[in-house]
Amino acid sequence: VPVDTDTWWHLKSGQWIVEHGAVPRTDPFSHTRDGFPWIDHSWLAQIVLYTLFNAAGYAGLGLLVAALATGALVFVWLQCRGVDRWLRAFTMILAATTSGVIWIARPQMFSFLLAAIAAYLLDRFRQGDRRAIWWMPPLMVLWVNTHGGFAVGLLLLAAHLLGQLGNRALARGRPETSWKPVGQLALVTLVCLLVVPLNPNGAQMWGYP
């Protein structure tokens, strides 16, 4: 069964949210921290976990983890197009082997999938698909309501933006050094920062990571 000690806390949080119709702002579970402020950054994932567990038990959790892990690896596979098939296969085996230790019923699995999608979208942008990058803001809205790992998406954006700037600085005026993609990526990065407060905890999520 793909669970660990944190799974039960997330299930109970999901149950609390469903039963109260609200996201907790203070800690309702701890003895020593009862009533203290709490940023429940994984509220949406907790609802999904609880709903599946309530409907299908451990099988539901197992299928969810399998779906999230498989989905993430599909996006890794898509980024390997055009690569030698043996290198591609080795990359997939390495990715599955090294990441398998975190394949458990916790909100971090949603970050695992969303990070793979973000990397794929940025790769498509780098390959010349300028529309792909505009999926990043709605992805960020989903991510910031699912897990605190949304910061990974912002880091990926920042890394690609710095890479684009570096490429332009080293290109020295060649025809392919248009600054339009850099401006577009910078704008999308700004929009992604601006949508972070679109969650029950508001602007506090800017500083949470």
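Okay, quick definition before anything else: when I say helix, I mean a DSSP run of H or I with at least four residues, a strand is a run of E with at least two, and both are numbered from the N terminus. With that in hand, isoleucine 133 sits in the loop between α4 and α5, and we'll come back to that residue later.

Some housekeeping. This is a predicted model, where local features need pLDDT of at least 70 and side-chain atom pairs count only at pLDDT 80 or more, while totals for chains, interfaces and linings use all residues. Residues are numbered from 1 along each chain as its sequence is written, and side-chain values use heavy atoms, with hydrogens and water left out.

So, the overall picture. The chain has eight helices and zero strands, so the order from the N terminus reads α-α-α-α-α-α-α-α. The C-alpha trace spans about 65 × 40 × 25 Å along its principal axes. Of the 209 residues, 43% are buried; buried is under 20% relative accessible area, exposed is over 50%, and partly exposed is in between, with a 1.4 Å probe and protein chains only. The accessible surface is about 11400 Å², and carbon and sulfur atoms own 66% of that. Those areas are Shrake-Rupley with a 1.4 Å probe, and for residues only the protein chains shown count as cover.

Next, contacts, meaning heavy atoms within 4.5 Å. Take the contacts between residues at least 6 apart in sequence: 64% of them join residues at least 24 apart.

On charges, there are 15 positive and 10 negative, and their mean positions are 15 Å apart. Lys and Arg count as positive, Asp and Glu as negative, and His and the chain ends aren't counted. Each charge is placed at NZ of Lys, CZ of Arg, CG of Asp or CD of Glu.

Let's walk the helices, starting with α1, residues 5–20. Its 16 residues reach 24 Å from the first C-alpha to the last, close to the 22 Å expected at 1.5 Å a residue; the expected span is 1.5 Å times one less than the number of residues. Which residues of α1 are buried? Thr7, His10, Leu11, Ser13, Gly14 and Ile17. They cover an arc of only 160° around the axis, which puts them on the same side of α1. That arc is taken over the directions from the helix axis to the C-beta atoms. On the other side, Thr5 and Glu19 are exposed. As for the buried ones, α2 is included in what covers them.

That takes us to α2, residues 43–79, where we find phenylalanine 75. Its relative accessible area is 21%, so phenylalanine 75 is partly exposed. Not counting residues up to four places away in sequence, phenylalanine 75 touches Leu113, Ala116, Ile117 and Tyr120. Alanine 115 is 40 residues from phenylalanine 75 in sequence, and 9.6 Å from it C-alpha to C-alpha.

Now α4. Its 19 residues should span 27 Å at 1.5 Å a residue, and its end C-alpha atoms are 27 Å apart, which agrees. This helix is mostly covered, with 17 of its 19 residues buried. Just after α4, glycine 128 takes a positive phi of about 115°.

One residue of α4 to look at is phenylalanine 125, buried at 1% relative accessibility. Beyond its neighbours within four places in sequence, phenylalanine 125 is in contact with Arg130, Ala132, Ile133, Gln164, Pro181, Gln184 and Leu185. Phenylalanine 125 and proline 181 are 56 residues apart along the chain, with 8.6 Å between their C-alpha atoms.

Back to isoleucine 133, as promised. Is isoleucine 133 buried or exposed? Buried, at 0% relative accessibility. Leaving aside neighbours within four places, isoleucine 133 contacts Leu122, Phe125, Leu157, Gln184, Leu185 and Val188.

Last stop, α7, residues 180–195. This one has 16 residues and reaches 23 Å end to end by C-alpha, close to the expected 22 Å. Its buried residues are Pro181, Val182, Gln184, Leu185, Val188, Thr189, Cys192 and Val195. Their arc around the axis is only 165°, which puts them on the same side of α7. Lys180 and Leu194 are exposed on the other side. And what do the buried residues of α7 pack against? Against α4 (108–126), α5 (136–144) and α6 (150–171).
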